[in-house]
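Hi there,

Here is the structure I promised to pass on. Have a look, and then read on for what turned up.

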Amino acid sequence: MRYISTRGEAPALGFEDVLLTGLAPDGGLYVPESLPHFSLEEIRSWRGLPYTELAFNIMYPFVEEAIPEADFRQMLDDTYSVFAHKAVAPLVQLDANEWVMELFRGPTLAFKDFALQLLGRLLDHVLEKRQEHAVIMGATSGDTGSAAIEGCRRCEHVDIFILHPYERVSEVQRRQMTTVQGDNIHNIAIKGNFDDCQRMVKESFGDQSFLGGKAKLAAVNSINWARIMAQIVYYFHASLALGGPDRSMAFSVPTGNFGDIFAGYLAKKMGLPISQLVIATNKNDILHRFMSGNKYEQHQLEHTLSPSMDIMVSSNFERLLFDLHGRDGLAVKELLENAAKGPVSIEDYRWKKARKLFDSASVDDQATCDTIREVYQQNEYLLDPHTAIGVHAARACRRDDQIPMITLGTAHPAKFPDAIVESGLTVKPALPAHMADLFEREERYTVLDNDRAGVQAFIAKHWKNA
Ligand SMILES: *Cc1c(COP(=O)(O)O)cnc(C)c1O
């Protein structure tokens, strides 16, 4: 399987190189040149399989040139056995034909564990084979950082440096990053905001000379193809559990950078009957505004009760735009260069194609809290604010009661207690047993000034082979 850039000017790469690179040299994102397609008969034969075996069937075509079959099976077993539920992604029923798929039973209580637990193991495997070392550099405002650190804690060939804005992430989120012990784990608190952290990471990818040519930077944000790949699996898993592929399914996906829902779109292209995909956004609703009015336009960032969806642009949307433009990379390049300067639209027939593929809703904090309260009152089930946005959008956009509607439950409610308080409930969501002592664990992080040269010097000095 070869991977090509969405901007059409970078050479095609194999899986190993795509895994180890961030953006393509032309500024685009990598996508598979073609997708595997599964017949209904084949999908049907997967009913009742354990999660890891299903994951193998769906993902192996993407990695087979790089990873021997037995190694990949082992990696999947290791990855999904750390989840605190035997079904890995259990389904919870809310109403007749309405479900939440709990994707938060991994070590950091958010769906990002599905991809990042695997990504760490894939990186280590490929680096071991090549006898290379990678330095991961990432910026986080919360979930990504902790999931990436947990995913890489046992990697022998990876050092990970995660920048977070000093005193600007929640205590649970900070502790989930800073209490993970390991010589290869480096938490840096920057005296600045999230944008400062992100800018530093971007600039460092652009000029890696501070590493002296001895290691390469690798990316763990959702521009990394391997993350998308791992997220395709649970769409099949949910469908098979509820009578697919002999009935079609609808999914509602709490969306920020468009990674998770893009995986659903790929599942559909790979043969899974999906009749509806709902983009659920908070007030940072660039995607909903595009879907409603064919205008892609950045607004100011708004801080909401669902911080993991607080974005101004949606990086993986580029992967969809590539398909909407008949995979014409140069057209995508031109469009996104213009989008950086001001609002853009696409040709009407292409926009209509997008509208056929996706529905969308924008859900504010008030409606988020109302949904948390309502579902708790009706079901004694606590939603985290991100999942609540998904449930709200599912109910607003639903087209057919006969079709199961599945909302992706992206985080555990204990991770975002503020929203529960705001919703007027007096229940306190408890951290699961494996995290109950989080507030007693020892923290380790370094506070650095908002200065790129200083941060780069720190990294150059502290990675393993420095
Ligand atoms: C990252 C995240 C999202 C958004 O996922 P995207 O792939 O960026 O669309 C939603 N909910 C939670 C809890 C997250 O951590």
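Which atom of the ligand does a polar side-chain atom of Asp143 lie 2.5 Å from? The partner of Asp143 is an oxygen atom of the ligand. I am counting polar contacts here as pairs of N or O atoms within 3.5 Å; within protein, one must be able to donate a hydrogen and the other to accept it, and residues adjacent in sequence count only if both atoms are side-chain atoms.

Before going further, please note that this is a predicted model, in which local features need pLDDT of at least 70 and side-chain atom pairs count only at pLDDT 80 or more, while totals for chains, interfaces and linings use all residues. Residues are numbered from 1 along each chain as its sequence is written, and side-chain values use heavy atoms, with hydrogens and water left out.

Back to the ligand. Lys112 also places a side-chain N or O atom 2.5 Å from a ligand oxygen, and Thr410 has a polar side-chain atom 2.9 Å from a ligand nitrogen. Of the 390 Å² of accessible area that the ligand has on its own, the protein covers 96% (Shrake-Rupley method, 1.4 Å probe). The ligand is surrounded by 15 residues (a heavy atom within 4 Å), and the closest are Lys112, Asp143, Gly256, Asn257 and Asp260. This shell has 5 nonpolar, 7 polar and 3 charged residues (Asp, Glu, Lys and Arg count as charged, and Gly as polar).

Now the helices, which are DSSP runs of H or I with at least four residues, numbered from the N terminus. Helix α4 (residues 69–81) and helix α5 (residues 112–130) have axes that come within 9 Å and cross at roughly 140° (lines fitted to C-alpha atoms over the stretch in contact, with angles from 0 to 180 degrees between N-to-C directions). So α4 is oblique to α5 (neither under 35 degrees, nor over 145, nor 65 to 115).

Finally, two backbone details. The peptide bond from Gly244 to Pro245 is cis, with omega near 0°, and Pro245 sits in the loop between α9 (225–241) and β9 (249–254). Val88, in the loop between α4 and β3 (91–95), has a positive phi of about 65° although it is not a glycine.

Best wishes

Methods: Helices (H or I, at least four residues) and strands (E, at least two) are DSSP runs, numbered from the N terminus.
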